[in-house]
Amino acid sequence: MLRSPEGSLAPEIVSRLGEGSFGIIGPTANGEGVIELFIQRYGAAHDNKVANVNINVPCDGPNALAALVGLSGVHGVSSNPEQLEAARRYYRHSLAHPDWPQCYRELFDAIDAVRLLPLSMHPMSELVLGEHGVVDGSDSLCFVGIGDALHALPPWSGTSGNFAMQDSADLATALLELQRKEQGWSATSLARTVRECERAFLKRADEPRLRCIKAGEGFKDLLTTPVKEYDYVGSPEKVKTPAAQWF
Ligand SMILES: Cc1cc2nc3c(=O)[nH]c(=O)nc-3n(C[C@H](O)[C@H](O)[C@H](O)COP(=O)(O)OP(=O)(O)OC[C@H]3O[C@@H](n4cnc5c(N)ncnc54)[C@H](O)[C@@H]3O)c2cc1C
C-alpha cells in the first residue's frame, strides 16, 4: 500500500499511473521468466491518492510465499517495520535484472504497508449449490450473502467489484418488489427471496470464474516465459502465457 504515489514515486511512473491503473512487465531476476507489476489507485475520494503496488508470485500456497519473502506469515495489512523491510528486500531481489529501470526497483522503498494476499476463489455454482454445498435448514434463514462473501473471484477477473455492486442493487430491487407484492414481509417469503437472489448471483459469476480458472492454469508459465515470448494481448494459441484470456 502506497499512501502518496505523487510524494514518493518517480514522475515517469506517476504520469503513467494517472488516476487509474498501470501495469508493466519485465524479466525475473534470472531472466528466464516474466514479472508483472501493477499499480492501482483505490481511494474512493478524488483527493485520496492511495494505491496498491503488486507483483504476482506463482507458488504452492500462501505459506510458500511467506517463506520466500522471509516472513512467518502476514495476516491482513501490516505496517510492522520488520515485515515491510522483508517485503522490500524480496521485491528488490525480484527486480534485480538490469533491464528493470532503477525507478521501478525503488518502488517498494516507499510502501506504507504490506499484505501477502493468497488469491483464492469460490468454486463454480454447481458445486456450491450441490448436494454438499447447502447446509441443512439454511433454506429458511433470513440471511443473505452477496459480493465476495458469496462468490469471490480473483483480481484478474476484473469484474468482482462490479458483481458486488450489482448484487447489492439487485438485492435491493428484489426486496422492494417483495414488499410491494406481499404487503408486508414474512420470514418465509424473505428467506425464499434471498435464496433466489443468491442462486442468481452465484450463477452469473460462473462465466468469469471459468475464465479465471483457465488463466490460473497459465500462471506458473510466467516463471518460464521469457519476456520476448510474453504477449499480453496476442492470440492464446501463439503464446505460452495466454494473458489475453485473463480479462
Ligand atoms: C488487488 C485487488 C485488485 C482488484 N481489482 C479489481 C478490479 O479492477 N475490478 C473489480 O471489479 N474488482 C477488483 N477487485 C475485487 C474487488 O475489490 C472486490 O470484489 C470487492 O471489493 C468486493 O466487495 P465486497 O463488498 O463484497 O467485499 P469487501 O470489499 O471485501 O468488503 C467487506 C468489508 O467487510 C469488512 N469486514 C470483514 N469482516 C468483518 C466483521 N467481522 N465485522 C465488520 N466488518 C467486517 C471488511 O473490512 C470490508 O470492509 C480487486 C481485488 C483485489 C484484492
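The protein chain of this predicted model contains ten helices and three strands, and, read along the sequence, these elements follow the pattern α-α-β-β-β-α-α-α-α-α-α-α-α. The domain assignment divides the chain into domain 1, residues 5-118, and domain 2, residues 121-247, and a ligand is surrounded by a shell of 13 residues to which each of the two domains contributes at least three.

**Overall dimensions and packing**

- Taken along the principal axes, the C-alpha atoms of the protein chain fill a box of roughly 70 × 45 × 35 Å.
- Of the 247 residues in the protein chain, 19% count as buried.
- Among the contacts in the protein chain with a separation of 6 or more, 58% are made by residues that lie 24 or more positions apart.

**The two domains and their contact**

- The centres of domain 1 and domain 2, taken over C-alpha atoms, are separated by 27 Å, and the contact between these domains takes eight residues from domain 1 and ten residues from domain 2.
- On the side of domain 1 that touches domain 2, strand β1, which covers residues 21-27, gives the most, with three residues.
- Sorted by class, that side of domain 1 has four nonpolar, three polar and one charged residues.

**The shell around the ligand**

- The residues that come nearest to the ligand are Gly-147, Pro-155, Ser-160, Gly-161 and Ala-164, out of the 13 residues around the ligand.
- At least two residues of the shell are supplied by each of β3 (51-55), α7 (148-151) and α8 (160-182), and α8 gives the most, with four residues.
- By class, the residues of the shell divide into four nonpolar, eight polar and one charged.
- Domain 1 (5-118) and domain 2 (121-247) each provide at least three residues of the shell.

**Phe-22 in strand β1**

- Phe-22 is found in strand β1, the strand that gives the most to the side of domain 1 that touches domain 2.
- Phe-22 counts as partly exposed because it has 18 C-beta neighbours inside 10 Å, whereas a buried residue would need 20 or more and an exposed one would have 12 or fewer.
- When residues up to four places away in sequence are not counted, Phe-22 touches Arg-16, Leu-17 and Ile-39.
- Phe-22 and Arg-41 are 19 residues apart along the chain, and their C-alpha atoms are separated by 9.1 Å.

Terms used: Residues are numbered from 1 along each chain as its sequence is written. This is a predicted model: local features need pLDDT of at least 70, side-chain atom pairs count only at pLDDT 80 or more; totals for chains, interfaces and linings use all residues. Domain bounds come from an automatic or database domain assignment. Two residues are in contact if their C-beta atoms, placed from the backbone, lie within 7 Å. Ala, Val, Leu, Ile, Met, Phe, Trp, Tyr, Cys and Pro count as nonpolar, Asp, Glu, Lys and Arg as charged, and the others, Gly among them, as polar. A residue is near a molecule or strand if its C-beta atom, placed from the backbone, lies within 6 Å of it.
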